[in-house]
Amino acid sequence: MKLLLQTLVRQPLTQVWAGFDRQLFDQLAPPFPPVEVVRFDGCLKGDVVHLRLNFIFFKQDWISDIVDQQTIGMPNHPDEIFFVDQGTKLPFFLRYWHHRHRLVRDPQTGGTFVIDDITFRTPTLLTDYLFYPLMWLQFAYRKPIYRKVFG
């Protein structure tokens, strides 16, 4: 399943990129399931993010590797910065996870589009469709946080 959410924020691209850190990561965590961050290296190629999801009666680990990170455009004036997290150990309800985090300069406003471009699969096509609205809500939850943090 493909999920694409886009949020326009007011800060320039390089400032938004500088704000993609552990503090932002903690703010973006949804209320359920509660998330314990076991490891957060960052957003650069080779980094690892390890989460533990608490479903009250049981816990599930979610480990993603940052498999790519690039800056597109001129070094001092990029048009886009992105990184990709690829799930390597996923909770029981996911079979595949590929999340491309894109930060794209908006030439009209001088702001930045924060784009969550996600491809995921669950054990069956039926559960893909059942999980789609839940996944959409989990990432739509981030939109006001992005706007608040990046004013």
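Leaving aside its neighbours within four places in sequence, which residues is Arg39 in contact with?

## Around Arg39

This is a predicted model, and Arg39 is a friendly place to begin. With those close neighbours in sequence set aside, Arg39 is in contact with Val48, Val49 and His50. Arg39 belongs to strand 2, which covers residues 35-40. Its side chain also makes a polar contact, at 2.8 Å, with the side chain of Asp41.

Is Arg39 buried or exposed? Its relative accessible area is 41%, so Arg39 counts as partly exposed. For a sense of distance, take Tyr141: 102 residues separate Arg39 and Tyr141 in sequence, and their C-alpha atoms are 22 Å apart in space.

## The sheet

Now step back to the sheet. Its 7 strands run in the order 1-7-6-5-4-3-2, forming an open sheet with antiparallel pairing. Strand 1 (2-9) and strand 2 stand at the edges; each has a single partner strand, so one side of each has no neighbour in the sheet. On average, neighbouring strands are turned by 20 degrees against each other, direction ignored.

One pair to look for is strand 5 (residues 77-89) with strand 6 (residues 96-105), joined in the antiparallel sense over 7 bridges. Here Phe83 has His101, in strand 6, as its bridge partner.

## Helices on the sheet

Helix 3 (residues 125-140) packs on the sheet, where it touches strand 1, strand 6 and strand 7 (112-121). The direction of helix 3 makes about 15 degrees with that of strand 1.

Helix 4 (residues 142-149) packs on the sheet too, touching strand 1, strand 6 and strand 7. For helix 4, the angle with the direction of strand 1 is about 25 degrees.

Technical notes: Residues numbered from 1 in each chain as written. Predicted model: local features only at pLDDT ≥ 70, side-chain atom pairs only at ≥ 80, totals over all residues. Heavy atoms only, no water. Helix = DSSP H or I, 4+ residues; strand = E, 2+ residues; numbered from the N terminus. Buried < 20%, exposed > 50% of the residue type's maximum accessible area, 1.4 Å probe, protein only. Contact = heavy atoms within 4.5 Å. Polar contact = N/O pair within 3.5 Å; in protein donor to acceptor, adjacent residues only side chain to side chain. Pairing = 2+ DSSP bridges. Axes fitted to C-alpha atoms, helices over the stretch in contact; angles between N-to-C directions.
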